[in-house]
Amino acid sequence: MVFLGFIFAALLTVLAAIKLSTYADTIGEKTSLGGMVVGTIFLAGATSLPEVTTSVSAIILDSPDIAVGNVFGSNMFNLLIIASFDLYYRRQQIFRNAGRSHVYTASIGLLLAIVSLLALSLKIEYSFLSIGLDIWILMSIYGLGIWLISYLAKKNPEVPVEEPEEYNLSAIPLKRAIIGFIIAAIVIMGAGTLLTVTGDQIAVITGLGASFVGSFLIAATTSLPEAISVLVALQLRNHNLAIGSILGSNLFNILILGASDVFYQKGSIIAAVSDVHQITAAAVGILSVVILYALVRKQRESTFRYALPSLILVILYFISSYLIFIQ
């Protein structure tokens, strides 16, 4: 029954994510926000709701390793998602056709990964308002980063996306899209809670351990909304929405550490977790460098040379996974 509950929650997450990304595309199309802002802030926040409920529920279940592992594991898996889709849709050359502003989003993500690694290594015990000093620093970087992204989006507006005829969503009213977006987000949040409860039980039944289950099994399933969102966005040929939802989710996930720290009453959550999370945070940083390179280069290349960074990222992901597993 535990495994059936886990599978049911995962399927519910997938169905809600399809609706979520469809409505997000409509909102971006019918407002002045554009795919980059909608993807990086609104869609990224909504698709990260399973991570929110999962991490907070893990703290209530007194499993800080699942809470922290879920955040960094999801960030790793998110980058694997965009690299995998880039390889599959390599003729679209997703990174080359994306807006320049994503370079700033990826850079902020890299900075957050580096600061997270330092926090996990130093394990500072000092807290302010029940939140660790290191978490305050991470949240400040996130806030400044989102402000910068919004400012640049207004300064350099996007060129409207021409969607394929079979996926034209212009018939969906804006009001319906907003209401549908909110309902889908609530469904995803509920499914995230079920994923955590069943995932925690699976960790006990299988004996795999909370750190590994949090970093992989739960992280992968809570990243399902991001995967579906990217797939739908690429079918709509909205590259900015696809990349924005992934990179934005990685930024938003850092806020989840703050929410988790508020609920964790035994001190700083970063100081309480296993050292194995240092490997996960370092892996996120390395994978972020590869993504940043893929976004920066703009020269024309053969299909194989274009796909090389994404191929390297996939290989690095599995090497990092193996290193975490053997700890």
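Here is a short back-and-forth about a few helices and aromatic rings in this predicted model.

Reader: What makes α13 and α14 roughly antiparallel?

Author: The two helices, residues 277-296 and 303-325, pack at an angle of about 180 degrees, with axes 10 Å apart. Anything over 145 degrees counts as roughly antiparallel, so that label fits α13 and α14.

Reader: Which residues of α13 and α14 meet, and what classes are they?

Author: On the α13 side they include Ile279, Ala283, Ile286, Leu287 and Val290, and on the α14 side Leu313, Leu316, Tyr317 and Ser320 are among them. By class, the contact has 14 nonpolar, two polar and no charged residues.

Reader: Why is Tyr317 called buried?

Author: Its relative accessible area is 5%, and buried means under 20%, so Tyr317 qualifies.

Reader: How do you know that Tyr317 and Phe318 are an edge-to-face pair?

Author: Their ring centres are 5.3 Å apart, and the planes sit at 90 degrees. Pairing needs centres within 6.5 Å, and planes over 60 degrees apart count as edge-to-face, so both tests are passed. The pair is one of four aromatic pairs in the structure, and Phe77 joins Tyr317 and Phe318 in one aromatic cluster.

Reader: Why say that α10 is largely enclosed by the rest of the structure?

Author: Nine of its 12 residues are buried, so the description follows. Among them are Pro225, Glu226, Ile228, Val232 and Leu234.

Reader: What span does α10 have, and what is expected?

Author: From first C-alpha to last, α10 reaches 17 Å, close to the expected 16 Å. After α10 comes Arg237, with a positive phi near 55 degrees.

Notes. Residues are numbered from 1 along each chain as its sequence is written. This is a predicted model: local features need pLDDT of at least 70, side-chain atom pairs count only at pLDDT 80 or more; totals for chains, interfaces and linings use all residues. Side-chain values use heavy atoms; hydrogens and water are left out. Helices (H or I, at least four residues) and strands (E, at least two) are DSSP runs, numbered from the N terminus. The expected span of a helix is 1.5 Å times one less than its number of residues. Buried means under 20% relative accessible area, exposed over 50%, partly exposed in between (1.4 Å probe, protein chains only). Axes are lines fitted to C-alpha atoms, for helices over the stretch in contact, and angles run from 0 to 180 degrees between N-to-C directions. Angles under 35 degrees count as roughly parallel, over 145 as roughly antiparallel, 65 to 115 as roughly perpendicular and the rest as oblique. Contact means heavy atoms within 4.5 Å. Ala, Val, Leu, Ile, Met, Phe, Trp, Tyr, Cys and Pro count as nonpolar, Asp, Glu, Lys and Arg as charged, and the others, Gly among them, as polar. Rings of Phe, Tyr and Trp (its six-membered ring) pair if their centres lie within 6.5 Å; planes under 30 degrees apart count as stacked, over 60 as edge-to-face and the rest as tilted.
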